[in-house]
Amino acid sequence: NYDEGSETRVPGQRERGRQEGEKEEKRHGEWRPSYEKEEHEEEKQKYRYQREKKEQKEVQPGRERWEREEDEEQVEEEWRGSQRREDPEERARLRHREERTKRDRRHQREGEEEERSSESQEHRNPFLFKSNKFLTLFENENGHIRRLQRFDKRSDLFENLQNYRLVEYRAKPHTIFLPQHIDADLILVVLNGKAILTVLSPNDRNSYNLERGDTIKIPAGTTSYLVNQDDEEDLRVVDFVIPVNRPGKFEAFGLSENKNQYLRGFSKNILEASLNTKYETIEKVLLEEQEKKPQQLRDRKRTQQGEERDAIIKVSREQIEELRKLAKSSSKKSLPSEFEPFNLRSHKPEYSNKFGKLFEITPEKKYPQLQDLDILVSCVEINKGALMLPHYNSRAIVVLLVNEGKGNLELLGLKNEQQEREDRKERNNEVQRYEARLSPGDVVIIPAGHPVAISASSNLNLLGFGINAKNNQRNFLSGSDDNVISQIENPVKELTFPGSSQEVNRLIKNQKQSHFASAEPEQKEEESQRKRSPLSSVLDSFY
Amino acid sequence: RSDPQNPFIFKSNKFQTLFENENGHIRLLQKFDQRSKIFENLQNYRLLEYKSKPHTIFLPQHTDADYILVVLSGKAILTVLKPDDRNSFNLERGDTIKLPAGTIAYLVNRDDNEELRVLDLAIPVNRPGQLQSFLLSGNQNQQNYLSGFSKNILEASFNTDYEEIEKVLLEEHEKETQHRRSLKDKRQQSQEENVIVKLSRGQIEELSKNAKSTSKKSVSSESEPFNLRSRGPIYSNEFGKFFEITPEKNPQLQDLDIFVNSVEIKEGSLLLPHYNSRAIVIVTVNEGKGDFELVGQRNENQQEQRKEDDEEEEQGEEEINKQVQNYKAKLSSGDVFVIPAGHPVAVKASSNLDLLGFGINAENNQRNFLAGDEDNVISQIQRPVKELAFPGSAQEVDRILENQKQSHFADAQPQQRERGSRETRDRLSSV
């Protein structure tokens, strides 16, 4: 009998149902506006909260260091700001903490005036996400989990990145991220350290020794856990996340005992029937929270966060030994590569010379793991004082993470791309240069077709995830190989450029290197000085 | 306690009647994403239910959506037209076929007694979540779509006088008396007045002549119907059966990346807690009664609540923010529930329960069970990690996991401790 719902018992729900019906007619097919409204609402909440924090903001204009505890704290509060302000006690504590950090900051700040540039830089450069745009999802003394701001929230330019998120994990030696599954496909890359990753399937289990550069796809819903097996080094891992349930949103389902353990979500009687065991026993063996260790007690006050207290915990050396026993390494190529990890550097570099190297794993190159996601993973090493020559990706949008080192990036866009949002009146198609100073933890988006060049002021190690990767081509604009400009036929060269084709060819040949070169031109020291000066003057304006 | 805020359940009254007359009805479920932002990825999926009396026909039409059609009960003849071909199929309960968008089809209830019930998953091609039907049969208010063309075009196209065309193809039939009353509300509903009409026994016999049955496996399976139960169940024991056709097994489902499954849970049995690794499953209760429990996270829903609810509620909501949450619902025939990927779920049958599921994002989906002997992902955790993850020792954890000897389906009444379980059952049934 279809028309009889048991809902009649709940009149309120009936009402709700009717309202929904009405809505359905009104908003016929218009989900977009409501979506934007939601974003707007979130935005508003954030600002309301930020007003409270404004004072603090003013004293800390630059925030670009990879690790800065106060920052993480602040960002994290931003994240859960709206719920915290309700609680007066929490507010008092907050105020206290603000004042404390403010004091600390004043001391700390004096020598760091140069950092001031970052805010204004961000404002003008939508392509750059400084490392402080990572929000801390979880943190304890054993490590943290941080998630980058939504790309599409920063700018409409990144609408196609709506369903991609970046997450960073860090864990101390001899610790474990406890078993959990996430409703998203993950591409996991080890940035630094040594790990054992264990991936479970309903009837099987695989453990892998992972090292720097090892990459593995973890399909959505896979229960897994990650151990830092090293005695000294921190483990740093980055995940490229592609959610399956909701665009850009994902949830972690923890299997281990803490407030967030999902087994607790089932009712007593489902649990008893499922496990065929008395509830008291189930509770004792599977569900009960352990007594907290003393150093975690101080976290008690952070009730909001407490439920994930145990996401990262210590492991003894013996336990690690036992886990290590069955772990396979990525180097062994015997097994089918469907689920095996692979190392970004295991194949010879795509480009390599004394100035730098680019390693790349594309969906085409027998990596079935990347095929259905249509993603490439690349690793770029630019030596100190070297330049990765200007180039653009034909169709891939690349999310580039600075793993180590410092440098500068120039990205060319068109002026009106961004203006569309703010001001439509001035319609000029002028080329605009977006510059960014890179330091570890920063993320840059390089849209397809947008020319980019990167110079390294210290050895620079970059990790890139490319969306829309299949058939992507890197077109270089200078250098000896892969230079698309040199492919232009001579008559057309004359028409395209002011110089004659001979002049153009001569100029192109000046750069003997391919892909990577010295950041300091060798030919005309004097001229280059002049060319460089506008760049540095722009930089100067930040100081 | 069934949660009034449970966004995962769509009671059967959330179906909206698109058409109804004395021969049957067509009903469309509320848009999933209208209910909750959680279902944003279901934006382009709609659920339709058809019901018709014996000896009737749904007249020829096409829709701007791909359909996966499943017969819930009854016996049908489905005829699918192509520009230069025609195929008729005898369909029975569990028969499933994909109707590609724009295919003209008609559906006959050939049984003498039983009603025909059909469920369609529709995937619109023109606009997300919006479907439109184009009728070839004329009726009072909305003529068949041919009449949308101008006189000139029609005359030239058919190379015939317009009067003739009008008489033969377009003119409305004289209505039966009971239709006259609906003249008043013509705009609303009666548009599709003649969508389901009676057929004589003779007509049905003529139509069944050429109809093929699914059992014959001779023809290429590209467009042939298949029965959900034609392959052995993937899980089966005395407590229940689980049939599933995945895109890997069936080319028709491949490009839509959808699986279709049929779950039978015996009275008093339980489908053990599990989650789908990547599929979002839309489950319709075909027959029977039961309970389902789904574990979600509290804050998933919060954003909307923050907007809608008043402040008091908001505060209460946030205090327990980010905790796991149990969503419960009583199930009865015609209800629909959605299981997002990764969300643990368990279903209990209080009478023999027959469920039909459509899984979106189906390829490489894995069902991870959290209890039971086989496919139990928890038992795959290495012992040292078991100790870290759970309060009990690894031995204790293993012992608990071994208590449940069944796999996939089990008795909803734990056998070990009759007393304790009865107590909890009482509480549930009192609700």
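**Reading strands, burial and contacts**

Leu414(A) sits in strand β21 (residues 407–414) of chain A; a strand is a DSSP run of E, at least two residues, numbered from the N terminus. This is a predicted model, where local features need pLDDT of at least 70 and side-chain atom pairs count only at pLDDT 80 or more. Residues are numbered from 1 along each chain as its sequence is written.

Me: Why is Leu414(A) called partly exposed?
Reply: Buried means under 20% relative accessible area, exposed over 50%, partly exposed in between (1.4 Å probe, protein chains only). Leu414(A) has 36%, so Leu414(A) counts as partly exposed.

Me: Why is Gln61(B) called buried?
Reply: Its relative accessible area is 10%, which is under 20%, so Gln61(B) is buried. Gln61(B) lies in strand β5 (residues 56–63) of chain B.

Me: What makes the link between Gln61(B) and Ser133(B) a polar contact?
Reply: A polar contact is a pair of N or O atoms within 3.5 Å; within protein, one must be able to donate a hydrogen and the other to accept it, and residues adjacent in sequence count only if both atoms are side-chain atoms. The two side chains are at 3.0 Å, so the distance fits.

Me: How do you know that β17 and β18 of chain B pair?
Reply: Two strands pair if DSSP finds at least two bridges between them. Strands β17 (residues 240–245) and β18 (residues 258–265) of chain B have six bridges, in the antiparallel sense, so they pair. Glu244(B) stands opposite Asn261(B) in β18(B).

Methods. Chains lettered and ligands numbered in written order. Heavy atoms only, no water. Helix = DSSP H or I, 4+ residues; strand = E, 2+ residues; numbered from the N terminus.
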